[in-house]
Amino acid sequence: MDAWPRDAVVLATTAFTNGLIGSSGRAGQKRTLLELLERLAPSYGDDWWFTAHHGMALSENGQREAARPKIERSLSQNPKNPWAAHACAHLCYEEGDPNAARAFLASWLPTYPRNGALYSHLNWHLALGHLEADDGAAAYLLFREAFTPDVHSGPPRGKVNDAVSFLWRWELAGHPRDAEAWRIVHDFANSAFPRAGAAFSDMHVALALAVAGNDAALEVRERQMEELERQGRYPSGPCVPAVSRAFANFERRDFSAAIDALEPIAGELERIGGSRAQLDLVEFTLLKAYIGANRLDDAHRTLSARRRGSSSLPVAGLAAVP
């Protein structure tokens, strides 16, 4: 990029949240990506593709006021740009405004092809907006129609991540488990990712295994992650094995053990990869574990430290937190 800053084909490998930098396992990777895009910005000028990614990176670093005009500019230049629509959905999430996210996505998605690479993931965002606005029926209908593994428009990674995270967040919000949906997701995840290797996907596969009660397969995957780490080939380090243990303990309703697994790595979740919205899967699990263990002061401390308003987080039991 130093030699050819406008080589967008090369930049596209890392410009988005789950690109090469976002999957590097490094602490501070969101800041690193933003610094790269800031350095390249003069070379791209008012380019709609670049501006969408730049706005998304600003949003992920908490610079929401700087992000909004870039995202809006990208959309005005190319209203069909899914990366700008994606950045807008994230910005609404970071601002704690599910109604804005729902209004935008409900108006934008009908113009986007159902086989578009981001179609199902954007519907995942819309479903999160419904969950946060306490419209569980609308959220689950979208899951069934737009991003179960058999209808998801994205690659295997997206099929697993979106389905697993939605089903878990659905339950954390107080809705009943759909055992058949989990069985389908479990079987697909195991076939798509038979071995550990990519931290962000491994986290979601581990959750599917934990929900299925497939302890033997979960132990095998944890050993694979630990062996890769010993070989220097698992750059996110102990984060995913810790989250994996937490999910398994949570499923056994051993909330104290889940908390013990998550607290030491709670400040390092960025290393797993994914957006801040996606990593809330882990933080919401920790919140629910605090509630389950009747550690309401710890839940309050976690809520107080969050980056945005917490009044409408879709986690059942938050009303009891002082």
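This section describes the cavities, one helix and the aromatic pairs of a predicted model.

Three cavities of 30 Å³ or more occur in the structure. The largest cavity encloses about 100 Å³ of space. Its lining is made up of 13 residues. Closest to the centre of this cavity are T17, K30, L33, A57 and E60. Two elements, α2 (29-44) and α3 (48-60), each give two or more residues to this lining. The largest share comes from α3, which contributes four residues. By class, the lining of the largest cavity holds five nonpolar, six polar and two charged residues.

The second largest cavity has a volume of about 80 Å³. Twelve residues line this second cavity. A89, Y93, A101, G129 and E132 are the closest to its centre. At least two lining residues come from each of α5 (82-94), α6 (98-108) and α7 (119-132). Here α7 provides the largest share, with four residues. The lining of the second largest cavity divides into six nonpolar, three polar and three charged residues.

Helix α15 was examined for length, bend and burial. This helix covers residues 276-292, a run of 17 residues. At 1.5 Å a residue, α15 should span 24 Å. The C-alpha atoms at its ends are 24 Å apart, so the computed span agrees with the expected one. The helix nevertheless carries a kink of about 30 degrees, and this kink is centred on V282. Most of α15 is covered, with 15 of its 17 residues buried. After α15 comes N294, which has a positive phi, near 60 degrees.

Aromatic contacts were then considered. A search of the whole structure returns 14 aromatic pairs. One of the ring pairs joins W108 and Y112. The ring centres of W108 and Y112 lie 5.0 Å apart. Their planes meet at 35 degrees, so the pair is classed as tilted. The cut-off for stacked rings is under 30 degrees, and that for edge-to-face rings is over 60 degrees. Both partners are below the 20% limit for burial, as follows. W108 has a relative accessibility of 7% and therefore counts as buried. Y112, at 12% relative accessibility, also counts as buried.

A second pair is formed by F147 and F166. The centres of these two rings are 5.5 Å apart. Their planes stand at 90 degrees, so this pair is edge-to-face. F147 belongs to helix α8 (residues 136-147), and F166 belongs to helix α9 (residues 156-172). The pair therefore ties together parts that are 19 residues apart in sequence. F147 is buried, because its relative accessible area is 0%. F166 is buried as well, with a relative accessible area of 0%. The F147 and F166 rings are also part of a cluster. Ring pairs link these two residues with Y140, F143 and W170.

Notes: Residues are numbered from 1 along each chain as its sequence is written. This is a predicted model: local features need pLDDT of at least 70, side-chain atom pairs count only at pLDDT 80 or more; totals for chains, interfaces and linings use all residues. Side-chain values use heavy atoms; hydrogens and water are left out. On a 1 Å grid over the protein atoms alone, a cavity is a set of points where a 1.4 Å probe fits but cannot get out, and a pocket is an open set with protein on both sides within 12 Å along at least five of seven lines; lining residues have an atom within 4 Å of a point. Grid points are joined across faces, edges and corners, and a volume is the space filled by probe spheres set on the points. Ala, Val, Leu, Ile, Met, Phe, Trp, Tyr, Cys and Pro count as nonpolar, Asp, Glu, Lys and Arg as charged, and the others, Gly among them, as polar. The expected span of a helix is 1.5 Å times one less than its number of residues. The bend at a residue is the angle between axes fitted to the seven residues ending there and the seven starting there. Buried means under 20% relative accessible area, exposed over 50%, partly exposed in between (1.4 Å probe, protein chains only). Rings of Phe, Tyr and Trp (its six-membered ring) pair if their centres lie within 6.5 Å; planes under 30 degrees apart count as stacked, over 60 as edge-to-face and the rest as tilted.
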